[in-house]
Amino acid sequence: MVTPALSLLRQRRPPDNGLGRAELLPRYLFWETLVHSRRVLEVGLVGQTSGAGARFLSQLGARSVVAVDLDPESIQAARAGEPSPGVDFRCEGIGDQAERA
């Protein structure tokens, strides 16, 4: 059975850049039923996926995605990439998010 997420992944198969998008995004398929209509916090993977992980979670149906990473260059590159409604890239750590909750 081909799920909507698997179909999406097949259409937009990203290039491999080490342990990056080609390695991590297929693992996100597991989350498809868990993220639908929910707010999602992605921690420390913006540098690994160039923001594609957060965008993919949004495409899986997440209501909103906040992607945090400590690397300002990764956050800046992700923000400059393909715009995605409901996805927010922030240069901060998980502790900063806990304080806002």
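The legends below describe close-up views of a predicted model. Local features need pLDDT of at least 70, side-chain atom pairs count only at pLDDT 80 or more, and totals for chains, interfaces and linings use all residues. Residues are numbered from 1 along each chain as its sequence is written, and side-chain values use heavy atoms, without hydrogens and water.

**View A. The nonpolar core.** The largest nonpolar core (buried Ala, Val, Leu, Ile, Met, Phe, Trp, Tyr and Cys residues joined through side-chain atoms within 4.5 Å) has 15 residues. Buried means under 20% relative accessible area, exposed over 50%, and partly exposed in between (1.4 Å probe, protein chains only). Among the residues with the most contacts inside the core are Val 40, Leu 57 and Phe 89. At least two core residues come from each of α5 (52-59), β2 (64-69), α6 (72-80) and β3 (87-91); α5 gives the largest share, three residues. Helices (H or I, at least four residues) and strands (E, at least two) are DSSP runs numbered from the N terminus.

**View B. Strand β1.** In β1 (residues 39-43), Val 40 and Glu 42 point to one face and are buried, whereas Arg 39, Leu 41 and Val 43 point to the other and are not. Strands β1 and β2 pair in the parallel sense over five bridges (pairing requires at least two DSSP bridges between two strands). Glu 42 has Ala 67 of β2 as its bridge partner.

**View C. Leu 34.** Leu 34 lies in helix α3 (residues 32-35). Leu 34 counts as partly exposed because its relative accessibility is 39%.
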